[in-house]
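Please walk me through this model, beginning at the DNA and ending with the contacts between chains.

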4 protein chains.
Amino acid sequence: MPDARPRKRADARRNEQTLLDAAAAAFVASGVDVPVRDIAARAGVGMGTIYRHFPTRADLIIAVYRHQVEALAEAGPALLERHSPSVALTQWVDQLVDFLVTKHGLAAALQSESAGFEALHAYFLDRLLPVCAQLLDAAVEAGEIISGTDTYEFMRAIGNLCVGADADDRYDARRMIGVLLAGLRT
Amino acid sequence: MPDARPRKRADARRNEQTLLDAAAAAFVASGVDVPVRDIAARAGVGMGTIYRHFPTRADLIIAVYRHQVEALAEAGPALLERHSPSVALTQWVDQLVDFLVTKHGLAAALQSESAGFEALHAYFLDRLLPVCAQLLDAAVEAGEIISGTDTYEFMRAIGNLCVGADADDRYDARRMIGVLLAGLRT
Amino acid sequence: MPDARPRKRADARRNEQTLLDAAAAAFVASGVDVPVRDIAARAGVGMGTIYRHFPTRADLIIAVYRHQVEALAEAGPALLERHSPSVALTQWVDQLVDFLVTKHGLAAALQSESAGFEALHAYFLDRLLPVCAQLLDAAVEAGEIISGTDTYEFMRAIGNLCVGADADDRYDARRMIGVLLAGLRT
Amino acid sequence: MPDARPRKRADARRNEQTLLDAAAAAFVASGVDVPVRDIAARAGVGMGTIYRHFPTRADLIIAVYRHQVEALAEAGPALLERHSPSVALTQWVDQLVDFLVTKHGLAAALQSESAGFEALHAYFLDRLLPVCAQLLDAAVEAGEIISGTDTYEFMRAIGNLCVGADADDRYDARRMIGVLLAGLRT
DNA sequence: TATGAATGAGGTTTCATTCAT
DNA sequence: AATGAATGAAACCTCATTCAT
């Protein structure tokens, strides 16, 4: 059996993708605190399989959103190349907000202090904070926004403003984030 | 007979205050979802006592924060009498934020969609939304902030920005709320 | 104060009757397992007052139904004087059934094996079993019913047939008790 | 592959039988209202296991008694083939009574008005009422018993007469049910 | 490697009963 | 003597997580 392993790997990868799709759907439907059993049921696998692939819930959340976080990370420099810093910042924040408000419960999870979410925090910050810092710095240097804004604080504010936005018709996070950005402008 | 049944009453009232203090402490320590058993233990009473005084969790939360909410409600008009609308707004928001960030988990509870918190939402909005609207309106009329801001949305943004602020050294909700207010100014 | 005591007694008796009325109403509404608190609320007294007057639930049940049990006990001989034994038996059973089916939960309580109801069983049997035996014996002697029926067993059957009769539109205990009596006839 | 997944299945089935045995024993000892924890303890399993197999208490009760109910349902036609209707009816009722009096608390549960037992009532009636009706009808047609007896009422009477029979040495439900049947005879 | 049965801690709520006032 | 606040044992049900198969 010369290709026993490769095939297994392909299988495993396909399996993992099934898991991630199921988890994404479950997160959308019931938030990132959805019972593991529900995710397993959606994926058509046993709960043990979820745990095998993603020992902690944070691992699963990270995996589910990895592509979109990576895309966001890459979008920052790209936007800066094609736009003025302030426009780039605005558009990047827009994308970030789009991401957060459409993922039911994700913003809340990101702010959660509950143990077990540290890895999640860390991952998001590792990937996005430098990008955001670059955008802020560029806008400051261009004289388009005031200086002195801490990037972590700014990102946390964005995240916070997105909490629960998808479940509240009377609240449009984008509008308030627009006000926040206006407050940064010189 | 002004104090016909003074003893029971006095006791019960003292006890209720003990309960409220214990609940406040428990909320600070573990958020408003803290198990009833924990609150009872802090108060040194049985769980039944909590349920007797506060049939639902929302009742308890409202009672715990009633004084401070009332104070906030009264502070709005008072500030408007002594300051320009924009200063009054800023100072009122400062007080609101002080309140929210020092009550661990309160901001989160206020944004929570989970059933059983409706009464809590309703109470906070009933008392504070009109006050906030008055402040915003005055500032708009004075030409100090832009018009078109929805009061509910604004308050929700304030609340959101306070979520988790007390547990995160790197995040100062006041600073970001300052930026938000700056974004409203003409 | 020469009549201090008598007045107190009158008060206490009036109070006790209030309790019994309230208990009777509560039993009708919610069965004899109704929470003590409900009875106290109906009576407009504290729960402690119930316990003072009727230390156990059985005491209360006995007191509530004492008058009607006594009436039943007295009805037996009276019926025998005016009717043939078989008619007397039938009419007495009718009265017993009327009593049992209109007291929600009483028949069930009488059959209940749960501790604390022994006094209740004992009281009912003490008062009614001899009466019932007299009626059965007379009917046997008159050759109107078969001999050999154990009185306790017969009464228990009557009681059992009444269980739940008031809550089930499709079940008429009187009809089945009629069949049972028919089964005894020679 | 007739036994594709034999192991789990076999285990689970054995386990389920253990549960049913434990539940049956617990029902005998403490009635069908016995705490789930007690059943779990008897079975040597966690409470969750009970809930997994039998989401509601009615499910568990039905499962515990299913075999015997089915046997009773099948016994009716079989008896009619080999006996006169009246003998068949008597023997079937004997079997029903044997079943009920040996299951402590079952008869009581069947008469219980408490919510959550509807499914139980429904199951017993679905299976046994048609059988009983067939037996009664046959006996009526044969002129062996009087007509006009409602099957539901008759079954309920049987059930009622069995309540508490196992816990009372002085009460023999069979004897009284014999009298009831005698009352039906022409 | 995958399964999902089993575990059991953890939260809620209800009431019989006691006892300080 | 009356009150009703307080107690706390029980019962329920739900998952996160483990582990035998």
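**The surface near strand E**

In this predicted model, α3(D) gives five residues to the surface near DNA strand E, the most of any element. Helices (H or I, at least four residues) and strands (E, at least two) are DSSP runs, numbered from the N terminus. A residue is near a molecule or strand if one of its heavy atoms lies within 4 Å of it.

Around DNA strand E there are 33 residues, and those that come nearest are A:Thr49, B:Arg57, D:Asn15, D:Gly46 and D:Arg52. Of the strand E atoms within 4 Å of the protein, 63% belong to sugar and phosphate. By class, the residues of this surface are 12 nonpolar, 11 polar and 10 charged. Here Ala, Val, Leu, Ile, Met, Phe, Trp, Tyr, Cys and Pro count as nonpolar, Asp, Glu, Lys and Arg as charged, and the others, Gly among them, as polar.

Now the polar contacts (pairs of N or O atoms within 3.5 Å; within protein, one must be able to donate a hydrogen and the other to accept it, and residues adjacent in sequence count only if both atoms are side-chain atoms). B:Arg57 places a polar side-chain atom 2.2 Å from a phosphate oxygen of DNA strand E. For D:His53 the corresponding distance to a strand E phosphate oxygen is 2.5 Å. For A:Asn15, a polar side-chain atom is 3.5 Å from a phosphate oxygen of strand E. Elements giving two or more residues to this surface include α3 of chain A and α1, α2 (36–43) and α3 of chain B.

**The surface near strand F**

DNA strand F is surrounded by 35 residues. The closest are B:Asn15, B:Gly46, B:Arg52, C:Thr49 and D:Arg57. Sugar or phosphate supplies 62% of the strand F atoms within 4 Å of the protein, and bases supply the rest. The surface near strand F holds 12 nonpolar, 12 polar and 11 charged residues.

C:Thr49 has a polar side-chain atom 2.4 Å from a phosphate oxygen of strand F. In D:Arg57, a side-chain N or O atom is 2.5 Å from a phosphate oxygen of strand F. C:Met47 uses its backbone: a polar atom there is 3.3 Å from a base nitrogen of strand F. Among the elements that give two or more residues to this surface are α3 (47–53) of chain C and α1 (6–30), α2 (36–43) and α3 (47–53) of chain D.

**Chain A and its neighbours**

The UniProt record, an unreviewed entry, places "domain: HTH tetR-type" at residues 13–72 of chain A. UniProt positions follow the numbering used here, feature names are shortened, and annotations may be inferred rather than shown by experiment. That span is 82% helix and 0% strand, with its end C-alpha atoms 24 Å apart.

Chain A has a mean pLDDT (the predictor's confidence in each residue, from 0 to 100) of 90, and 94% of its residues reach 70 or more. Over residues 1–7 of chain A the pLDDT is below 50. Beyond near neighbours in sequence, that stretch has zero contacts (heavy atoms within 4.5 Å).

Between chains B and A, 27 residues of chain B are in contact with 27 of chain A. The area buried between them is about 2,400 Å², counted as the accessible area (1.4 Å probe) that two parts lose on being put together, summed over both. Carbon and sulfur atoms give 60% of it. On the chain B side, B:Glu153, B:Arg170 and B:Met176 lose the most area, together 25% of what that side buries.

Other pairs stay apart. Chains A and C do not touch, and their nearest C-alpha atoms are 38 Å apart. No contact joins chains B and D, whose closest C-alpha atoms lie 21 Å apart.

**Conventions**

Residues are numbered from 1 along each chain as its sequence is written, while chains are lettered from A and ligands numbered from 1 in the order in which they are written. Local features need pLDDT of at least 70, side-chain atom pairs count only at pLDDT 80 or more, and totals for chains, interfaces and linings use all residues; side-chain values use heavy atoms, with hydrogens and water left out.
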